[in-house]
Amino acid sequence: MRDMGQRNDSQRLESTYMRSSKSRSRNKNRNNRPTGGSIINRVFDSSGPDGKVRGTPQQIIEKYNQLHRDAVLSGDRVDAENFAQHAEHYTRLLAEAQREVDAKREEQEEQNRQRQAERDRERQDRLQAQEAAANDPANAPQPDTPHTEAEAPVEAADSGLVETPEEKPRKPRRPRKPRPAPGEGSTPEAAE
């Protein structure tokens, strides 16, 4: 009976070894750390002492903490410590990912502040240039100097204004003829 149990254990270990070596060979060219995508929302398969735990890092942390509490209550200190270490691993992973996200957010906010400051400076420069152009007596038209028609389009082009043709005043509309009162109409029914 004991031989059979030992044989099952050795077969189980052998098959576990075979499976892990296959997965290792598939992943040998990959980094341990995922590239791209957020670790915070990524779904992991964690192989813990009680089997696989699947979920986001936060879900895995909660599951391992629950397993840790259950192991403590049952008096299994080894499993309790193992679950606590698994939870701590994913806590560190999540904390590092959160720091990276915060750093990227800070960098993006700083870039946005710099762009906004540049836009504000450009707007201020434009306003100052417009005020200077409006207050400059050389650009103001002289009242005693007549302008010819040839000069008018040039000034309009320089000032950025578009010349529009003047509209002729409209003639007033003729009033409508009054409606005939009921019974006074020129219809054949009214004549009868």
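**Close-up views of strand β1 and its surroundings**

**View 1. Side chains alternate along strand β1 of this predicted model.** F44, S46 and G48 point to one face and are buried, whereas D45 and S47 point to the other face and are not. Buried denotes under 20% relative accessible area, exposed over 50% and partly exposed the range in between, with a 1.4 Å probe and protein chains only. In a regular strand, side chains alternate between the two faces of the sheet. The model is predicted, local features need pLDDT of at least 70, and side-chain atom pairs count only at pLDDT 80 or more, while totals for chains, interfaces and linings use all residues. Residues are numbered from 1 along each chain as its sequence is written, and side-chain values use heavy atoms, with hydrogens and water left out.

**View 2. Strands β1 and β2 form a hairpin with two residues between them.** The two strands, β1 (residues 44–48) and β2 (residues 51–55), pair in the antiparallel sense over five bridges. Pairing requires that DSSP find at least two bridges between the strands. D45 has R54 as its bridge partner in β2, and G48 stands opposite G51.

**View 3. S46 of strand β1 lies in a buried setting.** S46 counts as buried because its relative accessibility is 2%. Its side chain makes a polar contact of 2.6 Å with that of Y64; such a contact is a pair of N or O atoms within 3.5 Å, where within protein one must be able to donate a hydrogen and the other to accept it, and residues adjacent in sequence count only if both atoms are side-chain atoms. Apart from its neighbours within four places in sequence, S46 is in contact (heavy atoms within 4.5 Å) with G51, K52, V53, I60, Y64, H86 and Y90.

**View 4. Buried residues of helix α3 pack against β1 and α2.** A80, F83, A87, Y90, L94 and A97 are buried in this helix. The 59 residues of α3 (residues 77–135) should span 87 Å at 1.5 Å a residue, and the end C-alpha atoms are 85 Å apart, which agrees. The expected span is 1.5 Å times one less than the number of residues.

**View 5. S38 and T56 occupy two loops.** S38 lies between α1 (2–26) and β1 and counts as partly exposed because its relative accessibility is 36%. S38 and E100 are 62 residues apart in sequence, yet their C-alpha atoms are 9.6 Å apart in space. T56 is found between β2 and α2 and is buried, with a relative accessible area of 17%. Leaving aside neighbours within four places in sequence, T56 contacts I40, N41, R42 and V43.

**View 6. The whole chain comprises five helices and two strands.** From the N terminus on, the order of elements is α-β-β-α-α-α-α; helices (H or I, at least four residues) and strands (E, at least two) are DSSP runs, numbered from the N terminus. Of the 192 residues, 10% count as buried. Among contacts between residues at least 6 apart in sequence, 34% join residues at least 24 apart. The mean pLDDT (the predictor's confidence in each residue, from 0 to 100) is 75, and 64% of residues reach 70 or more. Among the elements, helix α2 (residues 57–74) has the highest mean pLDDT, 93, and helix α5 (residues 188–191) the lowest, 50.
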